[in-house]
Amino acid sequence: MIAALSLKAVCATRHCCLLGVFLMYSACAGATDFAQGSERESWLAHPVYGEASFDAFIHRMGNPIVRGKAPHDWPVNGFLFEDPATKCWYAYVGHYGRNYTADVPMLCTVSRSTDRGATWENLGPIFPDEAHTFEGEQSPEGHAPDVSVVYADGKYHLVYDWLTQSTKWGDIFNPDHTHNSGVGYAWAEKPEGPFHRSTKPVWTTRDQPALEGKYRRQYASTLIRRANDWLVLTLTDSGPNFGWAYLGRTAEAPEGPWSEAVLLLHPEGDRYHPPLLEFHPAFAHDGFLYAPATSVAMNRNVQAVFRAPLESAMDPTAWELHQFGSVWHAEPVENENDGIWGQAFTGFVDRDGNFNVLFPSRDPGGFGTINLASRPWKQPWNEQGFVVSAHRGPSLALLKRAGAPKAMDVALETRGTVRIFWGATMPLGPDEPRSDASLHPLTRTRYQALEVTEGSWRLVSANDTGEIAAVAEGPHADQKEVEVALQWGDGGQLSLQMDGVRTWEGVLPATHGAFGLLLEPDSHARVSKFAIEGDLRPATRRYLWSEGVLSAAQPSSAWEVMKNDSRFLYGVGAVSAAEAVSAKWNVEGTSIALFAPRGPEFGRSTLFIDGQFVAEIDYHAAAPEPSSLQFACINLRDGRHTVRLESLEGRIPVDILEVSGGD
């Protein structure tokens, strides 16, 4: 809800200004070390941009436990299970051909560890090598890669995703009696199988109506035993809309019959739900059901965990975003070349209170790897230090504070190219509203930085097109950790020290803006100190049109992208090309301001904040008008909010959403 004042008192359209919004904040006294675990919420997390992760996972020295090889290049999904009867660990691994090709049968193998993950024995495929055809299908099951297992009533119960033998991945959006996919059930007397498949599937894509008009294709399921029933959670996607959702079904017995699907989690609603999050697998612990989700942007190094009380998990309102940011980090090793790649981590909490997980990645040759990590369940974060990583694309760790620094003291280990920046005023957004999204070119503009690479450093400045100019440069001694001290004096005089040695002095005035780290592809930073002295206040962030379209899971065909268009604040924007479109921003702050152009070709939209209608916006004007303030709202409660536009009449433009305040 909007705090304290009524909507009428705190919101206005078009002519309201935000002058004085920052007067409610007091300056920070002295230096603050933002590498302290207590400051983890001071960093922005985003599935496309990146994050500073404080997570406490320790990755196993013996990784990987499985590495892909032709023709199954991609073992990129899995399920980690501790057998209650024997206490042995089992790793169920889904094997795919490269690029998920259906030319190679997708299958699941199981490996066993009798020493809590130290060594593993490959026990082979979980299903016998014989054709299996579900009732109602003309083509036999040909692919069954991903599973989850539950032990109950003396048996091992399993659900798995499948495709018929003749089906290719793209066929699933138009299933018929030859091409189909879905969720299957099987049971066994031992955790390694053989598993006996049911004659009827849990559900099929062909039988599933399109929820929200887009969610139909089903795969990646988790089976959960509850007090009085069984629950299956199933991942479903929306194809060209680039949205992923979680479905739930229940049954009195694991073989069914199963209830109709209920949509539990999806990005289109009025709750804070970051974009490009793909679920699987879920796990239960201490009365709660946890659903990890991983980014499917170009860098898949940001995770989220949703949670609901186990017995209330079929109620969509019972779910909450339990952890977003500081969930996971990648190590700079060859078997984690792409960070988490595939579905999210999977695991269990053991009798010693340790959270043991299996996670997928890829090596530099593009072969999948299956790996292990663990941390204390009750200690998810480090007290000091965070990690930022970039894999196939650049990565941004952005502090939620801004100001003009008096001094900065940063200690870090680096690989590749790492920029410690200040004075940043770049707008934020993905390059395109799609999977494999990366930073928009404009998100790499408008900052000053110290760049650290192997054996050298540069002081640089990036202009409003992203062109980088070097102010000064020189060598530095390679060592495990480098400590950088920046001190600004009168007249814009800057002093740079590296590892206690005065390295450079000159004039480079500190500009006002945000702070953080920007990493080029294939780079990594482990930061033990990030101290800033200065008048720091909550930052103002500007989000591009692409953020609004991506977060609403809208197809790119619904929008016409405008480039080099002076009507928009940064020369880029979007105009709706279809009816009934929407845009949505998931933001943190205490005030928002919406900017958009007006003109004779535009119509009207409605605006909602946290699901509450706040305004109708008219973009129509007799003559073209450049982008200007269309709506402003201050004194929102501090925290997370959703801002959603819905087209009402005619074409609507989307430009900038500005978010200020918060802590």
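Here are some questions and answers about this predicted model.

User: Which residues lie nearest the centre of the largest pocket?
Analyst: Happy to start there! The largest pocket holds about 560 Å³ of space and has 23 lining residues. Strands S6 (74-82), S11 (147-152), S16 (217-225), S21 (283-285) and S25 (346-349) are the elements that each give two or more residues to this lining. Nearest the centre are Phe81, Glu82, Val149, Ala284 and Phe348.

User: How many nonpolar residues are in the lining of the largest pocket?
Analyst: Let's take the lining by class. Four of its residues are polar and five are charged. The nonpolar class has 14.

User: Which strand gives the largest share of the largest nonpolar core?
Analyst: This core has 89 residues. Those touching the most other members are Leu289, Phe306, Trp319, Trp585, Ile592, Phe631 and Leu645. The largest share is five residues, and it comes from strand S45 (residues 591-598).

User: What is Leu645 in contact with, leaving aside its neighbours within four places in sequence?
Analyst: Good one to look at in the viewer, as Leu645 is among the core residues that touch the most other members. Its contacts include the polar residues Ser582, Ser605 and Thr606. The others are Val581, Ala583, Trp585, Leu594, Leu607, Ile617, Tyr619 and Val654.

User: Tyr151 and Tyr156 form an aromatic pair; which of the two is buried?
Analyst: The rings are 4.7 Å apart, centre to centre, with 40° between the planes, so the pair is tilted. Buried means under 20% relative accessible area. Tyr151, at 33%, is partly exposed. At 4%, the buried one is Tyr156.

User: Where is the cis peptide bond with omega near -5°, and in which loop is its proline found?
Analyst: Most peptide bonds are trans, so a cis one is worth a look. This bond runs from Asn63 to Pro64. Pro64 is found in the loop between strand S4 (58-59) and strand S5 (66-67).

User: Arg116 and Leu276 have a positive phi; is Leu276 buried or exposed?
Analyst: Most residues other than glycine have a negative phi. Arg116, with phi of about 55°, is partly exposed at 27% relative accessibility. Leu276 has a phi of about 60° and is found in the loop between strand S19 (262-265) and strand S20 (277-279). Its relative accessibility is 3%, under the 20% cut-off, so Leu276 counts as buried.

Key. Residues are numbered from 1 along each chain as its sequence is written. This is a predicted model: local features need pLDDT of at least 70, side-chain atom pairs count only at pLDDT 80 or more; totals for chains, interfaces and linings use all residues. Side-chain values use heavy atoms; hydrogens and water are left out. On a 1 Å grid over the protein atoms alone, a cavity is a set of points where a 1.4 Å probe fits but cannot get out, and a pocket is an open set with protein on both sides within 12 Å along at least five of seven lines; lining residues have an atom within 4 Å of a point. Grid points are joined across faces, edges and corners, and a volume is the space filled by probe spheres set on the points. Helices (H or I, at least four residues) and strands (E, at least two) are DSSP runs, numbered from the N terminus. A nonpolar core is a set of buried Ala, Val, Leu, Ile, Met, Phe, Trp, Tyr and Cys residues joined through side-chain atoms within 4.5 Å. Buried means under 20% relative accessible area, exposed over 50%, partly exposed in between (1.4 Å probe, protein chains only). Contact means heavy atoms within 4.5 Å. Rings of Phe, Tyr and Trp (its six-membered ring) pair if their centres lie within 6.5 Å; planes under 30 degrees apart count as stacked, over 60 as edge-to-face and the rest as tilted.
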